[in-house]
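Here's a quick tour for anyone meeting this protein for the first time. Have a look at the model below, and then we'll walk through it piece by piece.

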Amino acid sequence: MPPRPNASVRPLATALLALAALGIGAAPAGAAAPVAEAPAAVSAQNPATVTVTGTGSASAAPDLAVLTLGVEVTAPTAKKALAGQNAAAQALLTAVREQGVAERDARTEGLSLSGVYKDEDGASKLTGYRASQSFSVTVRKLATTGRVLQAAMDAAGDAGRVHGVAFDVADKRELRAEARAAAHDDARAKAEQYAQLSGRRLGRLVSLSENDSGGPRPLAVPVEAVTKDQGVPVAPGEIEDQVTLVAVYELD
């Protein structure tokens with residue numbers, strides 16, 4: 001009777017056949033299993049940066065004035081109030097144009113007609129009407145500002161009103177460009193200092209953003225700058241523009 005095959009041999013032979021079918025060779029006895037190699041790690045580190053704020057300003061003498069003028073008339077009836085307001089407004093406009101103000105530089109900003117009331121014994125009683133009109137007048141010959149203002153008030157009489165005087169520059173581009181250059185220089189100087197303190201070198205500019213400063217504004221005017229020889233005293237002073245920006249630089 002032939003000997004029975006060992007039961008443990010059959011499963012092993014079956015496993016070897018299965019591996020051969022898959023194209024996988026059997027490892028020699030006692031050999032360690034192969035270890036898969038890990039992919040090389042690629043470290044993309046972000047470069048160090050420094051963020052700074054730069055501020056720059058520039059100033060210049062104004063070359064124009066903007067007058068906010070008005071007329072106001074109160075009368076018992078709306079018709080009389082409007083008539084008085086119309087006459088005063090026409091006189092004011094004629095006066096400023098005689099002083100050299102161009103048609104395009106005088107415009108109406110507001111016009112109103114309202115009732116005037118008085119409290120009597122807890123009740124509101126209509127006593128008349130108030131008509132008013134306001135104007136924006138641009139004076140491009142700065143030296144004539146006082147004369148224009150005086151002529152306007154003389155022509156309007158008791159109905160004349162002065163709501164404000166503002167000085168400005170006609171072309172703000174050059175003033176803004178100077179302020180931007182100063183802000184940029186300020187930001188770079190700060191960034192270079194931080195780079196030096198960190199033991200690094202200042203690299204390329206990554207980003208730059210400008211904050212809205214609202215445009216040029218008048219500076220404080222000393223008393224001696226007030227002109228008193230041409231109509232109403234005015235003090236033009238200086239106009240200042242300021243720019244603030246945020247810059248980001250790389251550090252090498």
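## The sheet at a glance

Let's start with the open sheet: four strands, lined up in the order β3-β4-β2-β5, with antiparallel pairing. The edge places go to β3 (106–120) and β5; each has a single partner strand, so one side of each goes without a neighbour in the sheet. Going from one strand to the next, the twist averages 15°.

Keep in mind that this is a predicted model, so some parts deserve more trust than others; more on that below.

## Around strand β2

Strand β2, covering residues 64–75, makes a good landmark. With β4 (residues 123–139) it pairs in the antiparallel sense over eleven bridges. With β5 (residues 160–168) the pairing is antiparallel too, this time over eight bridges.

Want a residue to find your way by? Try Leu69: its bridge partner in β4 is Phe135, while in β5 it stands opposite Val162. Val71 has a counterpart in β5 as well, namely Gly160.

## Helices against the sheet

Which strands does α2 touch as it packs on the sheet? They are β2, β3 and β4, and the helix direction makes about 15° with that of β4.

Then there's α3, made of residues 145–156, which lies across β2, β4 and β5. It runs at about 10° to β2.

## The whole protein

Stepping back, you'll count four helices and eight strands in the protein. Read from the N terminus on, they come as α-β-β-α-β-β-α-β-α-β-β-β.

Of the 252 residues, 29% are buried. The protein exposes about 16,200 Å², and carbon and sulfur atoms supply 54% of that. As for contacts with a separation of 6 or more, 80% of them link residues 24 or more positions apart.

## How far to trust it

The mean pLDDT of the protein is 83, with 76% of the residues at 70 or more. Among the elements, helix α2 (residues 78–98) has the highest mean, 97, and helix α1 (residues 9–21) has the lowest, 43.

Two stretches call for some care. Over residues 11–33, pLDDT stays under 50, and the model has two contacts beyond four places in sequence for them. Residues 220–229 also stay under 50, though here the model has 13 such contacts. Where pLDDT is low, the predicted coordinates shouldn't be read in detail.

Methods
Residues numbered from 1 in each chain as written. Predicted model: local features only at pLDDT ≥ 70, side-chain atom pairs only at ≥ 80, totals over all residues. Heavy atoms only, no water. Pairing = 2+ DSSP bridges. Helix = DSSP H or I, 4+ residues; strand = E, 2+ residues; numbered from the N terminus. pLDDT = per-residue confidence, 0-100. Contact = heavy atoms within 4.5 Å. Axes fitted to C-alpha atoms, helices over the stretch in contact; angles between N-to-C directions. Buried < 20%, exposed > 50% of the residue type's maximum accessible area, 1.4 Å probe, protein only. Areas by Shrake-Rupley, 256 points an atom, 1.4 Å probe, with all protein chains shown as cover.
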